[in-house]
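Let us walk through this model together, one region at a time. Have the sequence and the 3D view open side by side as you read.

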Amino acid sequence: MLRVSGLTCPHVSGVAALLRARHPEWSPATIKSALMTTTYIHDNTYKTLQDSSTGGPSSPYDHGAGHINPVRAIDPGLIYDIGAQDYFDFLCTQGLTRTQLVVFAKFSDRTCQHSLSGHESGTVSP
């Protein structure tokens, strides 16, 4: 197995810092979205990226979202933003008990703003 992720972190971190400088109002989730929605999965000859261990075409399990494109990420068009309450609302739809939810709301009074019918909603506090 070939691993090249050791160089990925500083490169992506540098591009993320450039995006933050260009768009100081963007959250970390928005920056991640801009990076992921503007990637490409073809090499410089427009062929599909190859899995170096098999020689065949790579899949998202091999290349993740793809290669980042810093120029496109500066003005990505569609971006997604998500905050802590959004993650908590997702957990509220998963049928967790109030006791289980309180683990995620330990340091805040989170409220299940969206839940599936039949599940409890309201403030969850320790």
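A good place to start is leucine 19, which is buried, with a relative accessible area of 1%. Buried here means under 20% relative accessible area, exposed means over 50%, and partly exposed lies in between, using a 1.4 Å probe and protein chains only. Leucine 19 sits in helix α1. Helices (H or I, at least four residues) and strands (E, at least two) are DSSP runs, numbered from the N terminus.

Before going further, a word on what you are looking at. This is a predicted model, in which local features need pLDDT of at least 70 and side-chain atom pairs count only at pLDDT 80 or more, while totals for chains, interfaces and linings use all residues. Residues are numbered from 1 along each chain as its sequence is written, and side-chain values use heavy atoms, with hydrogens and water left out. The pLDDT is the predictor's confidence in each residue, from 0 to 100. The mean pLDDT of the chain is 84, and 85% of its residues reach 70 or more. Among the elements of the chain, helix α4 (residues 70-74) has the highest mean pLDDT, 95, and strand β2 (residues 122-124) the lowest, 57.

Now the overall layout. The chain has six helices and two strands, and along the sequence they follow the pattern α-α-α-α-α-α-β-β. Of its 126 residues, 25% count as buried. The chain exposes about 9000 Å², and carbon and sulfur atoms supply 59% of that area; accessible areas come from the Shrake-Rupley method with a 1.4 Å probe, and for residues only the protein chains shown count as cover.

Back to leucine 19 and its surroundings. Once its neighbours within four places in sequence are set aside, leucine 19 is in contact (heavy atoms within 4.5 Å) with Trp26, Ile31, Ala34, Leu35, Ala73 and Ile74. Leucine 19 and proline 70 are 51 residues apart in sequence, yet 8.2 Å apart in space, C-alpha to C-alpha.

Which residues make up the largest nonpolar core? There are seven in all: Val15, Leu19, Trp26, Ile31, Ala34, Leu35 and Ala73. A nonpolar core is a set of buried Ala, Val, Leu, Ile, Met, Phe, Trp, Tyr and Cys residues joined through side-chain atoms within 4.5 Å. The elements that give two or more residues to this core are α1 (8-22) and α2 (28-37), and α2 supplies the largest share, three residues. Alanine 73, leaving aside its neighbours within four places in sequence, is in contact with Leu19, Trp26, Ala34, Leu35 and Thr38.

Look at α2 itself next. Its buried residues are Thr30, Ile31, Ser33, Ala34 and Leu35, and these pack against α1 and α4.

Just after leucine 19 in the numbering comes arginine 20, also in helix α1. At 39% relative accessibility, arginine 20 counts as partly exposed. Apart from its neighbours within four places in sequence, arginine 20 is in contact with Trp26, Ser27, Pro28 and Ile31.

The loop between α2 and α3 (60-63) holds tyrosine 46. Phi of tyrosine 46 is near 65°, a positive value in a residue other than glycine. Tyrosine 46 is exposed, with a relative accessible area of 73%.

Let us move on to another part of the chain. A second, separate core of six residues includes Phe88, Cys92, Leu101 and Cys112. In helix α5 (residues 84-92), the buried residues are Gln85, Phe88, Asp89, Leu91 and Cys92. Seen down the axis of α5, these buried residues fall within an arc of 160°, so they line one face of the helix; the arc is that of the directions from the helix axis to the C-beta atoms.

How many disulfides does the structure hold? There is one, a disulfide being a pair of cysteine sulfur atoms within 2.5 Å. The disulfide joins cysteine 92 to cysteine 112, S to S 2.0 Å. Cysteine 92 lies in helix α5 and cysteine 112 in strand β1 (residues 110-112), so the pair ties together parts that are 20 residues apart in sequence. The torsion about their S-S bond is about -75°, so the disulfide is left-handed. Cysteine 92 is buried at 3% relative accessible area, and cysteine 112 is buried at 6%. Cysteine 9, at 52% relative accessibility, counts as exposed.
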